[in-house]
Amino acid sequence: MQSWSDLAIPAVPGAGPPLRLYDTADRQVRPVTPGPTATMYVCGITPYDATHLGHAATYLTFDLVYRLWRDAGHDVHYVQNVTDVDDPLFERAARDGLDWRELGTREINLFREDMTALRIVPPRDYIGAIESVDEVVELVEKLLAAGAAYTVEDAEYPDIYFRADATEQFGYESGYDRATMERLFAERGGDPDRPGKRDTIDALLWRAARPDEPSWPAPFGAGRPGWHIECAAIALNRLGPEFDIQGGGSDLIYPHHEYSAAHAEALGDTRRFARHYVHAGLIGLDGEKMSKSKGNLVLVSKLRRAGTDPAAIRLGLLAGHYRADRMWTEAVLAGAERRLDLWRRAAARSTGPSATDTVARLRQHLADDLDTPKALAAVDNWAEQALSYGGPDADAPALITATVDALLGIQL
């Protein structure tokens, strides 16, 4: 599947401290230690609706990680999937009288446009579930052979499930107790009441073919992939076991990331799917959780059509810490627009105060678990000084412009 267009990232003199991020599994901030090529897998969209600010906040988080790795001199192998065959897509297409493929293509194209407008660096590999079916089939075969999966017997549809007890360490990534797992499994796409399952939280690997649903041939019977196995197969086949970061929104901690990790770990090749599990907070609107069911999603494309500068959208989302659940309001957007204007007016001056310390502070704050509020404040301070007092440094405005672009993705 085609990714969106790449973009040029300016080089900034010097280097910052090593990146440290909060690891969900270890419940602490600790160093990220990639080799010459840093590796990252981030879960992508199910393309049944347009990109909303929750999506944007997640992909912006990992865009910052990408930029910091590039600034530190790493090559970056970034992989993202698209769940382009799934129940929500079928349901929305049926509701709107569309072919599900047509709907998926439309929303994927809009997502690419939104990511381009927001200046999100594209993944090297952008992979749809449909094009990874053969990889999923191979992985399901291996899990069946290892005894980590089973076929539901005496059922009209012989679906294949993953055993939640197939790995000794299952549950380490989320840290949730059994009661929480059962509740979230039911709320987030699981099927605890499916007859024939050995455990209510065993996760679907392969959905046997049903009438009027797409399916693909497999040695164990025609069908289509489950949700979690898709990401496990795509990541393993492009990054291998024990890549640097598995990322996504905090609502993916369980069951999605717990199971995609367990699927890979059950093969016995690694005890830990990713070295770091990193999760972004959720975005609400005016004091309420933002969700499709409530109809209160703020769409990136709608903001763009209304004339909102995508750089202001980025700044509004960066104003809060990435791990925090936070609200989007008109005041947040207005504050971001004022900040963008401040920075652009300061960067347009022919001279300004020295920017060396500001660049160092910006790097330091971002390397400290992506502390964007402090990073933005550092640039605010330079801009306010530049506008209030000027400065003798003819190179400072250009250095600030390049640094803000390179590290924050904001074009001044």
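## Helix α6

Helix α6 is mostly covered, since 10 of its 13 residues are buried. In this predicted model, the buried residues of α6 are H228, I229, E230, C231, A232, A233, I234, A235, L236 and L239, a list in which the charged residue E230 appears beside residues such as I229 and L236.

The helix covers residues 227–239, and from its first C-alpha to its last it reaches 19 Å, which is close to the 18 Å expected for 13 residues at 1.5 Å a residue. After α6 comes G240, and the phi angle of G240 is positive, near 80 degrees.

## Aromatic pairs and a cluster

Turning to the aromatic rings, the count of aromatic pairs comes to 14. One of these is formed by F162 and Y259, whose ring centres are 6.5 Å apart and whose planes stand at 85 degrees to each other, so that the pair counts as edge-to-face, a class that begins over 60 degrees. This pair links distant parts of the chain, for F162 belongs to strand β7 (residues 160–162) while Y259 belongs to helix α7 (residues 253–265), and the two are 97 residues apart.

Both F162 and Y259 are buried. They also belong to one aromatic cluster, in which they are joined by F170, Y176, F185 and Y254.

## A charge over a ring

Another contact of an aromatic ring involves Y150, where R198 lies over the face of the ring, at 4.2 Å from the ring centre.

Conventions
Residues numbered from 1 in each chain as written. Predicted model: local features only at pLDDT ≥ 70, side-chain atom pairs only at ≥ 80, totals over all residues. Heavy atoms only, no water. Phe/Tyr/Trp six-rings, centres within 6.5 Å; stacked < 30°, edge-to-face > 60°. Helix = DSSP H or I, 4+ residues; strand = E, 2+ residues; numbered from the N terminus. Buried < 20%, exposed > 50% of the residue type's maximum accessible area, 1.4 Å probe, protein only. Lys NZ or Arg CZ within 6 Å of the ring centre and 35° of its normal. Expected span 1.5 Å × (residues − 1).
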